[in-house]
Amino acid sequence: MKKILSLLMATTVAVSLAAPVFADSASLDKAYDTDGEVSDDVPNGVDGWVGLDQLNLNDTGSIDIDPARPGSTFYVPLTTDGDNQLADNQVYISDVVDSDYFKFDVDKDDNGSMVSSISLVTERSLNGMDRTHYLKFVLADSYDTDEAKTTGTITFTARDDLINEEDADSYVDDDSHCYWEDDDVITIDYTIWISNEEVEGSDGDADTGDSVYFTPESNEDNVMVWGDDRAALEFEADDDADSFYARLSTKSISTIYAEYGDPVGADLWFYDFVGNPTIPSTSRATLTLGIPWDEDDDYYPNPEDCYIYELDADGYLTDVTGQFTYSEGDQEIDGWSIKTRQLLTYIVSDMELDVDVAGDEEVYDEVDSDTDDTTDITVDDGSKEIPNTGSGDAVNLAVTGGVLSLAVAGAVAFRKSGK
């Protein structure tokens, strides 16, 4: 009996090993992200594109995308299978994408600056799909609340005639006809409507890192929440309130860590409201920076012992702890709240930082943190060292005394929490 069972198991394993594994093919009506997943940045997919398989030499195809998100990178497959041929079965697509035979070119037309690049990616297998060829689109970032249209033309142009040589026998018929000639071209027209995602109404939400804009309800109380209670904004909108760019980045800034956090071993959490938008409110809005850690973590600080800093455009930090009040249950989310008309860039630290040190010139060189954020903006702030003014010792002592007084007053105000 044991021998029979062993034989059956061995046979089952052999059959399973021998069974072919079929990979999925890329869909021509979808765009893919760098991980090979269907791109969230092209939510409605690709329209009008039939693939190179359905085109002949000197034909024109079209790619239409509405919408695509600013700052995104996505791939559009040229064909479902990289070994396919053009519609007339006379030219292999693998040769069309070969730079030895065809020249790849991109001509940007309307709003060309909104497209950072379009490039050709060959023999790529995304997420285990069949290996094929793609057009890689990289779009520029934008803070606009209006959509914009960009157009252009992608061409594959034959460099020379394909002549009857030994390595081209498969292309030549009995009459020694060339299957492509110099300047034969395949054209792909593209049209992309680029827009940030709109969040509207009195109760909006978005994930951190999402390229969104908020359209408030005029003369109504509005609430916007980012991420899993990472931040919240509460305000009463004015008449005919304008939309505003509302992206929250929580990516860490490496040079801020190196300049301020590392010397004291501080943990830092970042709240960068990209573009620093102005809020269309009748009075100052309430911004709450939510608790950025999980209480199940091995370490988390006491929120009332934390410090809050504001990062300016020149890369300098200012201690604004005294301008915030910590509360639980008083606002839309728990956290540190401030009255403001503009969303800036804030850093929460579990200990005091030495902010007397000038900021780095490349303060916006950013690196990925452990957040779900996937993209961010790089800015060269061009900060400069503050010159020595030659002030006397007496003036220095007076200034130092004033700073200490303000720091003590700020700390006292911060500790008066509204729990």
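This is a short dialogue on reading confidence, sheets and one buried residue in a predicted model.

Trainee: Before I look at any detail, what average pLDDT does the protein have?

Mentor: Good place to begin, as this is a predicted model. The average pLDDT is 82, and 76% of the residues score at least 70.

Trainee: Where does pLDDT stay under 50?

Mentor: The general idea is that where pLDDT is low, the predicted coordinates should not be read in detail. Here, residues 1-22 stay under 50, and the model gives them zero contacts beyond four places in sequence. Residues 357-419 are also below 50, but that stretch has 110 contacts in the model beyond near neighbours in sequence.

Trainee: Okay, on to the sheets. How is the three-strand one ordered?

Mentor: In general, strands of a sheet pair through backbone hydrogen bonds, either parallel or antiparallel. In this case the sheet is open, runs β3-β6-β5, and its pairing is antiparallel. The edges are β3 (73-77) and β5 (115-124), each of which pairs on one side only. Ignoring direction, neighbouring strands here are turned against each other by 25° on average.

Trainee: How many bridges join β5 to β6?

Mentor: Seven, with β6 covering residues 132-139 and the two strands antiparallel. If you'd like a spot to click on, Arg-124 stands opposite Thr-132 in β6.

Trainee: And what is the strand order in the five-strand sheet?

Mentor: Go β15-β17-β23-β19-β20; this sheet is open too, with antiparallel pairing. At its edges are β15 (248-249) and β20 (317-319); each has a single partner strand, so one side of each is left without a neighbour in the sheet.

Trainee: Which helix packs on that sheet?

Mentor: Helix α3, residues 254-264. The strands touched by α3 are β17 (268-273), β19, β20 and β23, and the helix direction makes about 135° with that of β17.

Trainee: How many bridges join β19 to β23?

Mentor: Four: β19 (residues 307-311) and β23 (residues 345-349) run antiparallel. Within that pair, Glu-310 stands opposite Tyr-346 in β23.

Trainee: Last one, a single residue. Is Thr-191 buried or exposed?

Mentor: The trick is to compare the relative accessible area with a cut-off: under 20% is called buried. Thr-191 has 19%, so Thr-191 is buried. You'll find this residue in strand β8 (residues 185-194).

Trainee: Which residues does Thr-191 touch?

Mentor: Leaving out residues up to four places away in sequence, Thr-191 touches Ile-63, Asp-64 and Ile-65, along with Lys-149, Thr-150 and Thr-151.

Note on methods. Residues numbered from 1 in each chain as written. Predicted model: local features only at pLDDT ≥ 70, side-chain atom pairs only at ≥ 80, totals over all residues. Heavy atoms only, no water. Pairing = 2+ DSSP bridges. Contact = heavy atoms within 4.5 Å. Axes fitted to C-alpha atoms, helices over the stretch in contact; angles between N-to-C directions. Buried < 20%, exposed > 50% of the residue type's maximum accessible area, 1.4 Å probe, protein only. pLDDT = per-residue confidence, 0-100.
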